[in-house]
Amino acid sequence: KVRDEKGETGDEEEESVDKVGEEAAEPAVEEVKELQLAFMGGLEISEDLGRAALRVVGEVAGSLSGKQMAEAVNSMRLPLTMLRNGNAGNFPDWPTFLVWRRCWEQLIEVVAVAQAAQLSAQGVEGGRRCYARLGGCLRRLRVTAEEEYEAEEAADAVDALRDAFSAVITLVEDSITDGVVLDERLFPAGVWSVPAHVRLGVAARLLESTFGSKPTNDEAGRGEMLSFLQRRVWPVLGLSKGMQTGLQAWTTFTQYFHSEHCQRLADECVAACHRAVEVARDSRPLPASKTAEAAPVSALYPEVYGLGVDRASTTLCSSVAECIQLAVAVVLSDYFRWASELPVQQNSRDKMRGLLQILRALLRDDGSDEELERVLCGLVEASVAAEFNRVVEMKDEGSAAGIMEIMDDVVFIIQEHEVKYADVMWEVLPAAQSTALKAVHRLFGERVLRPYIVSEAMTLTGDNLQLAQYADQLDAAILRATTGEPFSLAPVVKATQDEEPAGSWGVIDALAPLLAAWVRTNVTALPTWTQRILEAERWGVAEDARKVSPSALELMTVVHETLDNLLGMELRLPAPLLQRILETMVKCIKDYSMAITKGLPSRDELAPPIPPLTRYKQQFASKNELKERKGGLSSGSAPRPAPPAPSAMSTDDASVGGGQYCPAKLALLLNSLTAIATQLPALNEAVNTRWRPYGQLHDEEKETPPIDPYFVDRLFQDAETAVEAGIERIAEFISAQILYVDLQAALCTGLYRWHVAEARLLPILAPINQMLGDIVSQVESEEVQGRVALQLLRECVQALLRVLLDGGQARVFAESDAGMIEEDVERHLMAMFYADGEGVEELDIETELAPLRDVYGLMGEASHALVARFHALPEPPEYNVAAAGEGLPAPVYPTVGLAESPAVLLRVMCHRADRACSKLLKERYRLPRTEESQTGLRAKLLLPSGGRSTLWAARSSKKGRNGAR
């Protein structure tokens, strides 16, 4: 610090005398700490001035040791010579020159001006004029503005001051015999009785002149000069060894501070600081050996030291230590700027490492790093705050774009600190990077981010979403880095957890109300959009043979866009919000799948009911065959129900077999559902890949049910299941339409009628193959083509089982018929669906044909074997004759175990042209015989109004026999 005191002398002599008297007053030892401000500036002087100062020091030191009056006059040679040689050109800047000049001005004031003031006060003739003359010279010398300074004018002012001082000396010499009291400061007896801060300032300037501001390798010369100062100069200035230790610590620090990094000089400064700290810590009285050494100084001028040399040394060293700490702290409290302003040739990392070692030497007075860590953490926080404030001042804190620019700067601060400073500070503060991270995290969150994200300006706009994404990533990256992980801005990917880390900015929590409102809006809108899509779809087949319906494409577009909008925010999302929107999407897909298949008739509606079981009677069978061939008997086994009413999707286009659903329309339905099913796995994967969970899956405070951790896969699986069910439903309709509607007469009525050899399967397979090809040729997916073909194969098996087991009175089979049926199945049916390897998989065909093989295998057994099988059953099968008379719906036969099924055995025996089987069926079940017309048969089976069946009554009257169950 530079003290610039302007003392007004001359016209107002009374005031000047009082002021000089105050300045000349001796301060107490306790004030030494405050007085160090006079020399704590740290000067950089030229080498020429340094050499000139050293010469003057040698001359003046010799004169001050004598006691003759003539030699005592030389006591002002030191300040006058320093002022004469030390012009502003010898210093790097104006403030440094002012510190230098003020030191010597103070010495002249407290010695020469004080003596002149004393002469004037005692009324010595000429004393008042000398006093005014000295004041005028000092005012002339004190130029405070750099632009007003001239070296020649300053030299003339010093010469005038020298002449004025000589006049004071002459006046004193002439007045000694007149009893004038002389000031011992002008005529010292061995130690200058001047204020401590003046003496210490002089000592500091001498040390700076001795060592210079640049490190030097002249160790011998420096050591010799330091020894000379200690032996000859310091005793005259009243400086003990402890005070010299403090001065040396400050001098070496000043030299290191203002020069390029030199490890030798840094080590010297660390050692000097250690010694100063030891002196400052030791406030006890000096041992006897050291007291004797310090006694001459304290005895010569005891009032200066007050409490003793040891206490003065302690106070001085403590003050020096604190001043060095302050100087280092000022630099390191903003080391970002300090490092940027260093000259290019200086290595900021090495210089910073040296300053940290100096600070460590000053703060580890008890061997502990606790105080050092506390101070350094404060300096790191201050430096980061200073750099952060400079950044924020140039940015707009009220806009998303401005805040993102600030975040870029925050990232730069973190990376620069890690690269340039953290490793340098590692030795003294391992937590330097963590401290910087916490500081910048707190500053940005409290000052910039939180005020914005809780304001009305925070809406779900593009800029704000980018801001939230960036902030969430930066928040997590900084918090991870504070625990020792590398700093990385990778997206936040982590499992759900109970709460955010302590100190988090809470970006997602702040956005939670906005996200919840967005989800509510889309949950409400999605079903409405789906309904509108279905209402706009007409399901007409365009001339360009459209492959997928517009409604399916639009539905999936809506689903994709909704998910993209949600996941495209790239924010961590709470699981309940995602689950709610996914559940709504899946429901819309399910509703769509159900809507487009709702109008399709079911298999039960299309398949004619099965005729009742009868027992074979050769007489009636031959007669009925003859009548049928002559046209007198209806070929129908049972009346077919009326076709179902057309659905909203049906048209009058040519259909599979002349019905209302044309192949192109059926293919359009299949392609539409297939297009949806194809996209679901990709959507599932996209959600699992892009969704980053936030928060816990179960909120116990809100008493919500726990969420399945795999709810995403489960929901999409539900959607796939619904779509697959729709495809199966359409394939089932296609199969039933072909076999039970378009080919009902040929298959259900004509196949194997009366004689197997005359009504074989091969002629029916051609139209089946043609109708199947008309549909699958327009289906895009080969997988769906195979599924339609497989479903048709299954239904063909069921239709053949129906013919063989519930074929009615016109189906009578002998043992030899089983071979022809086997040929139809194994050769023709299998070949059609296998299609030389391009159709249904051979393994699937083998699986589906297993029931037929069981049945015709059983049909190939002899009648007596069938009867024996029947008697060996543990429990005969049940058959309700009365209920069968009403006409049962077409059954779905099992796919396994038919060879061992009692019900299948019963039906094989019913269709066997054999008297033994017929007799068994008559005794067990009272089955009716093959009649001459189905009308008569039904009349016998139907219950009379209000009465019991005659067959049931006849069976009940013969309790000794096994009746039908």
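**Figure 1. Residues 697-706 in the predicted model, a stretch of pLDDT under 50**. Throughout residues 697-706, pLDDT remains under 50. For this stretch the model has 9 contacts beyond four places in sequence.

**Figure 2. Residues 494-498, where pLDDT is likewise under 50**. Over residues 494-498 the value does not rise out of the range under 50. The model has 10 contacts beyond four places in sequence for these residues.

**Figure 3. The packing of helix 6 against helix 8**. Helix 6 comprises residues 94-121, and helix 8 comprises residues 151-175. Their axes lie 10 Å apart and form an angle of about 45°. This angle falls outside the ranges for roughly parallel, roughly perpendicular and roughly antiparallel, and the two helices are therefore oblique to each other. The crossing in which helix 6 passes helix 8 is left-handed.

**Figure 4. Residues in the contact of helix 6 with helix 8**. Helix 6 contributes I108, A112, Q115, A116 and L119. From helix 8 come L161, F165, V168, L171 and V172. By class, the residues of this contact comprise 9 nonpolar and 1 polar, with no charged residue.

**Figure 5. The whole chain, as context for the close-up views**. The chain contains 39 helices and 2 strands. It has 965 residues, of which 52% count as buried. Among contacts in the chain with a separation of 6 or more, 80% are between residues 24 or more positions apart. The mean pLDDT of the chain is 76, and 71% of the residues reach 70 or more.

Definitions and conventions. Residues are numbered from 1 along each chain as its sequence is written. This is a predicted model: local features need pLDDT of at least 70, side-chain atom pairs count only at pLDDT 80 or more; totals for chains, interfaces and linings use all residues. Side-chain values use heavy atoms; hydrogens and water are left out. Axes are lines fitted to C-alpha atoms, for helices over the stretch in contact, and angles run from 0 to 180 degrees between N-to-C directions. Helices (H or I, at least four residues) and strands (E, at least two) are DSSP runs, numbered from the N terminus. Angles under 35 degrees count as roughly parallel, over 145 as roughly antiparallel, 65 to 115 as roughly perpendicular and the rest as oblique. A crossing is left-handed if the near helix is turned anticlockwise from the far one by less than a right angle, and right-handed if clockwise. Contact means heavy atoms within 4.5 Å. Ala, Val, Leu, Ile, Met, Phe, Trp, Tyr, Cys and Pro count as nonpolar, Asp, Glu, Lys and Arg as charged, and the others, Gly among them, as polar. pLDDT is the predictor's confidence in each residue, from 0 to 100. Buried means under 20% relative accessible area, exposed over 50%, partly exposed in between (1.4 Å probe, protein chains only).
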